[in-house]
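Q: I should like to learn how to read individual features of a protein model. Could we begin with one residue and work outwards?

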Amino acid sequence: MRNENSLPVLAFRTHVWDAQIELLARRLKASAPRANFVILTDETNSLLEIESFSKLAHNSDFSDLGLFGYPPPSILWYNGEYPLYRLRSAFPEASAYGMVEFDVSATADLLPIFDAIARKQVDLVAHDLHDVGPDWGFYHTVSPHFSAPMQAMIHSLFVSPRAIDHMLARRQQIAAGINTGAHPMESWPFCEGFVPSSIRELPNARLEELQDYVKLPYYISGTPLHIANPQSSEPGSLIHPVLSGARLNAKRMEFDNPADIFNPDSALSRQFRYCLPSEFIDPLIDCFKRKQPAALPRFLAFAAENNWLASAKPINLARGRPADQSSVSPHSRFPETHRDASGGNDGNIGGGYGFWTGEQTDPYWQVDFENICRIERVTIHNFLGARDQCTNLAILISSDQTNWSLAATKLDNAPFGGADGTPYHFDFPTPPRARYCRIQLVGHGALHLDEIEVFGLPD
């Protein structure tokens, strides 16, 4: 009779749960039907409600095992094998253990890996097993403790019982050395180096490549595939990373050049074909702001042509765009009006003044969006050192810089702030369309403001 307790254990490791994650969990479970399957949940930040599977919960505190919570805050990223110690304790008689990350798509038969561990005394099956030298960024965390440091990708990790026991013992030994001052805390080993380096120490250790058991058509540490992409479901494979929605977009924006979106054959464009515009438009706008702000106007025009902007959040149309003002003053930082005006939309809100016009009737500051845009809100941050001097204002708009129309006024003579959290907002329930926006002081005086933000979207 088969001993159910000795069956291999396959764990799906996750800190999040939704329909997409559940789909990948079901794929993984189907890859090893004769294994005990469990969702290994990191509930450091929140509890995960999982009804369809057995769940083994843990958090990032492993101090009961004598292990450090280092380095914070990404303890379980740097120490990715920690959950294996909980898994080993929960299933002490298992013949083999597998732990697969939540962004791995499994369509392969994983039972041959478990059979190799249980019957052929294989201790580790992982991808990209290789020796490392000082050029590896985490070499300093393994070299003090291992004579033959190694590295491996451990997004899919299969190990023997004795391998887990040895890793825990070595972690505890290294922790004891750090506690006595034999090694600095900075030498606490990074998991991708620690796992293969420590298992390699076992007598007659057998470490084997994952690609000897399954196909790895796309298995990297970088840009993800969309879960709807047929590549993520290639039979007989493990694919990593596979994501969708906000997680996919955040990850791609971390690695991709946003300008790749202009090339329909780029990897970025191909992945976004599986997404709704509402899923990627805001991350793309943010990515252009961070990585290629000069290309943002081109992208906004491109997005408008493709009808993507309907689902986008309003952006600050004014920031970094060409600005000008009616005159300069002795307080101006630059003698040219356009250079002095640039301090009014440079993104710096500090309470001082970004520009300063001369004394005149109805002085103004204006910005060119370089495209026709829908204006939803104008936010004005005042110069806190003279907040009572610029109180009555008018907003004018134009499409050609010749014909101007009045869009809004503030004529209550009431002072307002800015960097202190009390800027003045002009809101437009029915957004006007314009290329130019002018902020004008009503009456005689000098206009000096900290920052002007104009929120909206290209038309």
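A: Let us begin with F62, which is buried, with a relative accessible area of 2%. The model is predicted. A residue counts as buried when its relative accessible area is under 20%, so F62 at 2% falls in that class. F62 belongs to the loop between β3 and α2.

Q: Which residues does F62 touch, leaving aside those up to four places away in sequence?

A: The contacts of F62 are with L67, L76, Y82, P83 and R86. A separation in space can be read alongside a separation in sequence: F62 and P230 are 168 residues apart in sequence, and their C-alpha atoms are 39 Å apart.

Q: What is found when V442 and A394 are compared in the same two ways, along the chain and between C-alpha atoms?

A: V442 and A394 are 48 residues apart along the chain, and 6.5 Å separates their C-alpha atoms. V442 is placed in the loop between β20 (433-441) and β21 (444-445). Beyond its sequence neighbours up to four places away, V442 touches D362, N392, L393, A394 and L411.

Q: Is V442 to be classed as buried, partly exposed or exposed?

A: The class between the two cut-offs, 20% and 50%, is called partly exposed. V442 has a relative accessibility of 37% and therefore counts as partly exposed.

Q: How should one read the burial pattern of a helix, and which residues of α11 are buried?

A: One lists the buried residues and then looks down the helix axis. In α11 (residues 296-305), the buried residues include L296, P297, F299, L300 and A303. The buried residues of α11 fall within an arc of 160 degrees when seen down the axis, so they line one face of the helix. R298 and E305, on the other side of α11, are exposed.

Q: What covers the buried residues of α11?

A: The cover includes α10 (277-291), β13 (315-316), β16 (364-382) and β22 (449-458).

Q: Which residues of α8 are buried, and what do they pack against?

A: In α8 (residues 245-255), the buried residues are G245, L248, N249, R252 and M253. These residues cover an arc of only 125 degrees around the axis, which puts them on the same side of α8. A246 and A250 are exposed on the other side of α8. The buried residues of α8 pack against β10 (225-226), β12, α9 (267-272) and α10.

Q: How does one read backbone angles, and what is phi of N307?

A: One reads the sign of phi together with the residue type. N307 is not a glycine, although its phi is positive, at about 60 degrees. N307 follows α11 and lies in the loop between α11 and β13. With a relative accessibility of 65%, N307 counts as exposed.

Q: Where is D128 found, and what is its phi?

A: D128 is in strand β6 (residues 124-131). Phi of D128 is positive, near 60 degrees, in a residue other than glycine. The relative accessible area of D128 is 33%, and D128 is partly exposed.

Q: Which residues does a cis peptide bond join?

A: The angle to read here is omega. A cis peptide bond joins Y70 and P71, with omega about -5 degrees; another joins H240 and P241, also with omega about -5 degrees. P71 is placed in the loop between β3 (55-58) and α2 (75-78). P241 is in the loop between β11 (237-240) and β12 (242-243).

Q: How many helices and strands does the chain have, and how spread out is the chain?

A: The chain has twelve helices and 22 strands. Its radius of gyration is 30 Å, well over the 23 Å that the globule rule gives for 459 residues, so the chain is more spread out than a compact globule. The C-alpha trace spans about 95 × 50 × 40 Å along its principal axes.

Q: What do burial and contacts show for the chain as a whole?

A: Of the 459 residues in the chain, 54% are buried. Among contacts with a separation of 6 or more, 72% are between residues 24 or more positions apart.

Q: What remains to be read from the surface and the charges?

A: The accessible surface of the chain is about 20000 Å², and carbon and sulfur atoms account for 49% of that area. The chain has 38 positive and 53 negative charges, whose mean positions are 5 Å apart.

Technical notes. Residues numbered from 1 in each chain as written. Predicted model: local features only at pLDDT ≥ 70, side-chain atom pairs only at ≥ 80, totals over all residues. Heavy atoms only, no water. Helix = DSSP H or I, 4+ residues; strand = E, 2+ residues; numbered from the N terminus. Rg over C-alpha atoms; globule rule 2.2 N^0.38 Å. Buried < 20%, exposed > 50% of the residue type's maximum accessible area, 1.4 Å probe, protein only. Contact = heavy atoms within 4.5 Å. Areas by Shrake-Rupley, 256 points an atom, 1.4 Å probe, with all protein chains shown as cover. Lys, Arg positive; Asp, Glu negative; His and termini not counted. Charge placed at Lys NZ, Arg CZ, Asp CG, Glu CD. Arc of directions from axis to C-beta.
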